[in-house]
Amino acid sequence: MSTADWTGAQAIVEEAGYEPGKPVVRGVRFDIRPGERVGLLGPNGAGKSTVMKGLLGQLPHWKGELLLNGSPAAEAGPGAMAYIPEQPVLYERLTLWEHLALAAASLGMPEEKFAAKAERLLRRFRLDHVRHHYPVRFSKGMQQKVMLTVGFLLEPRLYLVDEPFIGLDPSAMMELMQALDEERARGASVLLTTHVLDTAERMCDRFVLLLDGRVAVSGTMEEIRRQTGCGPDARLFDCFLKLTGMAEAGGAG
Amino acid sequence: MSDEIRPAGLRDEREPDDSEMHRRDGRKPEDTDDPEPDPWHGQEPEADEPEDEEADDEEPEDVLPEAFSPAGLMRERIAAYWRKVLRSWRTAWDWTVGVYIVAPFLWIGGNIYAEFWREPPGWVADMPAAVPSALLALIVAVFAADLRTFADPGDGLFLRRNRAWTRRMIGIGMLYTLTAKLVVTLIFSALLLPYHLAMVRWPAGILLWQAAGLVCGGYVLALVRDAVSRRWSGWRRRMSRFAAVLVWAAAWGWAVSAAEDSPAVRPAAIALLVSGGAILSASRLKAQGTLFHEVETERDAYAASIGWLLIDAPPVRALPRGRRPLVFRRARPLLPGAAAPHRRLADLWLKTQIRRFETVRMYAALWGLGTAAIVQTPMWLAVAVWLVLGGLMVSWLNRLVVQWYAEPYMKMFPWPEDLAMRSADAARIAAGAPAFALWGLAVGVKAGLLYGGFVWLAAAAAPAAGWWLYLAINGWMAGFMAKPVPDKKKPAPSPDDRPQAGDAAAEFEKNN
């Protein structure tokens, strides 16, 4: 999908939860600008997955909105955004190539364009030799790469990526980062959740750190350091520890 | 432990368990099934220590029931297995199933069966007796196919360390397998009795010989398939198991044929099967490291018993056995015009269905039963049956399409409603029209046979007409059948605004 007229996304979560009257997340708002990568971070139970599910419309109790180009995501048309889940979702009787063909068919992508893009992505993720194999028989890491390939094939304006580094070996992580760089050059935006703070720091332009279902701090690395009272050389990991109060408890600096 | 708190069915068993026996005589347990058994650290028995009855009352769970034995445990496991299976079957049963499915099936099936044997076709009388015997051998081999041991994954913790218990439990499993073969043999032999009694006029002795041979042969085959499964995996396992069944069926057919000229073949065959069964049983009882395979076999047996109920539940569906599909191994499209998105979707749906053995089996069964119904009914009824079969086919295929769109992977994508509807339409036609046209051929040939002359033209005209008739039935039913994707809950767009399926590619181009 073209990103020429892409002005970015706004995530607005007034309340989100799994039971009525018991919101897990409250008052979370952040923007994702064109070509920007935003990391949604936080300790276990902070509400990262809840926010992601809410933005995807998968929560039973949800007050909020995901705006794409200022309009609700539901009106943005197919292919405006792609979700890459943490747990690979595959169909057991489709080959890898057929998984991609199905994804392309959902957007009405012409056959020739699909074939060229699929070839390029399979080579990038070094999956071209298993294109006619069943992905359900792949290792977890390879299955994760299949999900990434499907997501990249659709060329959406916004990627929602849930824990992308789990199950990926270092070379696959490098391939993912290169692919995301290409997408950034195209103007696509990325919202990703992760626990891998070092990689998030390298990959993301801005961060939203959640604590107890609320935004504790957000901004660029500089802004995060300032808001958490960390020094100029502090890593995201240090800021995170300081923010969550574990620095003192663990004796870290 | 008192009888009141002992599991039912174990109360009369007074046999001491092996661990108690070890405690009594102070000896080590026998060899274990564990490749690296832990050294024995059992305590020496204490002489005549008075039992603390109060302590027993307080902590009864620490003491094994006195009657706890391999036989009792196996009895409990077999009963639990069948309780579980029957409970699952019960969920699919209510009076509507009985009235609308089972009763008509029994009535129609029974009538077709009775009619067949009342006036059997000429080829039945001409068929050598070895052919039905070989088919019977095939059926007995396929039903209740594997050695059952009712193993549980938890057995690996303690039970398998006791070799005596393991042997006795597997021995009971062998008896169960033999009994299952006997039951299946009796059922299918009874169905073939009209042939054996009225057509080839076998005396009771030969009938008994055949039954004994089928039971023993089925049992031997179960042990052979068990050994093959433990030895190989992948395609070697599948091919070996398949080949074993074919060899057995052919061998039994040959034995039946040879016994007509040389009656000595009969006792020789039974002796061979009994001795073979005994040798294989002894060898199997000595085998070690079989727990994983046995647990896998039990899981497969349970899945086979209830799988038909849960055939569409994604977590229950079996994963493909190979790394690559057996059919349509390349990306070549199956349907013409697959460049169009809706045709591409229909093409992918069709491939996935053909790769699922359960769907192919159901399709073949529906086609076979439909053809039998057309052949066995009067001409006017055959035409009506043909039309009803078309409706059934459309309805069943639509259910498969709807389920496909409900797959988690499919739900990840925002399917435009019109694209999904058109792909469902193409899928139902691609999968169902050939079967409907072939039913039309059966109707046409039947008409030609009955009336002769120019009516034979119906044999050519009916399949062609059937194709168009199927399209009409499909179009009519599409109006009220379940839709592949739910209706969008938003105001209906005006006719001018409504997206057209053919516009999907144009929409893509516009956005890019």
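**Close-up views of chains A and B**

**View 1. A patch of negative charge on the surface of chain A**. Let us start at A:Glu15, a residue of strand β1, which spans residues 9-19 of chain A. The model shown here, as in every view below, is predicted. A:Glu15 shares its surface patch with A:Glu14, A:Glu65 and A:Glu75, and together these residues gather negative charge. With a relative accessible area of 31%, A:Glu15 is partly exposed. That value lets A:Glu15 be part of the patch, because patch residues need over 30% relative accessible area.

**View 2. Chain A as a whole.** Before going further in, it helps to step back. Chain A has 253 residues, and buried residues make up 57% of them. Its secondary structure consists of nine helices and 10 strands. Among contacts in chain A with a separation of 6 or more, 70% are between residues 24 or more positions apart. The accessible surface of the chain comes to about 10,000 Å², and carbon and sulfur atoms account for 49% of that surface.

**View 3. A salt bridge between A:Glu155 and A:Lys117**. Here the two side chains meet at 3.2 Å, taken from N to O. A:Glu155 sits in the loop between α4 (140-154) and β7 (158-162), while A:Lys117 belongs to helix α3 (residues 111-124), so the pair ties together parts of chain A that are 38 residues apart in sequence. Are these two partners buried or exposed? Both A:Glu155 and A:Lys117 are buried. Across all chains, the structure holds 29 salt bridges.

**View 4. A salt bridge within helix α3 of chain A**. Staying with this helix, look for A:Arg123 and A:Glu119, whose side chains meet in a salt bridge of 3.8 Å, N to O. The two residues are four positions apart, about one turn of the helix. A:Glu119 is partly exposed, with a relative accessibility of 24%; the reason is that this value falls between the cut-offs of 20% for buried and 50% for exposed.

**View 5. Helix α13 of chain B, with a salt bridge between B:Lys351 and B:Asp347**. Now we move to chain B. The side chains of B:Lys351 and B:Asp347 come together at 3.4 Å, N to O. Both residues lie in helix α13, and four residues, or about one turn of the helix, separate them. B:Lys351 and B:Asp347 are both buried.

**View 6. A nonpolar patch on the surface that includes B:Ile354**. Helix α13 covers residues 341-355 of chain B, and B:Ile354 is found in it. Which residues form the nonpolar patch with B:Ile354? They are B:Leu326, B:Val327, B:Leu334 and B:Val360. Together with B:Ile354, these residues have about 400 Å² of accessible area. B:Ile354 is partly exposed, at 35% relative accessible area.

**View 7. A network of salt bridges in chain B**. For a view of linked charges, find B:Arg160, B:Asp226, B:Arg230, B:Arg284 and B:Glu294. Salt bridges connect these residues into a network.

**View 8. The surroundings of B:Arg225 in helix α9**. This helix runs over residues 204-231 of chain B and contains B:Arg225. B:Arg225 has a relative accessible area of 11% and counts as buried, because that value is under 20%. What is B:Arg225 in contact with, leaving aside neighbours within four places in sequence? Its contacts are B:Ala145, B:Asp146, B:Arg241 and B:Val245.

Definitions and conventions: Residues numbered from 1 in each chain as written. Chains lettered and ligands numbered in written order. Predicted model: local features only at pLDDT ≥ 70, side-chain atom pairs only at ≥ 80, totals over all residues. Heavy atoms only, no water. Patch = residues over 30% accessible without salt bridge, like charges linked within 9 Å, V, L, I, M, F, W, Y side chains within 5 Å. Areas by Shrake-Rupley, 256 points an atom, 1.4 Å probe, with all protein chains shown as cover. Salt bridge = Lys/Arg side-chain N within 4 Å of Asp/Glu carboxyl O. Lys, Arg positive; Asp, Glu negative; His and termini not counted. Charge placed at Lys NZ, Arg CZ, Asp CG, Glu CD. Buried < 20%, exposed > 50% of the residue type's maximum accessible area, 1.4 Å probe, protein only. Contact = heavy atoms within 4.5 Å.
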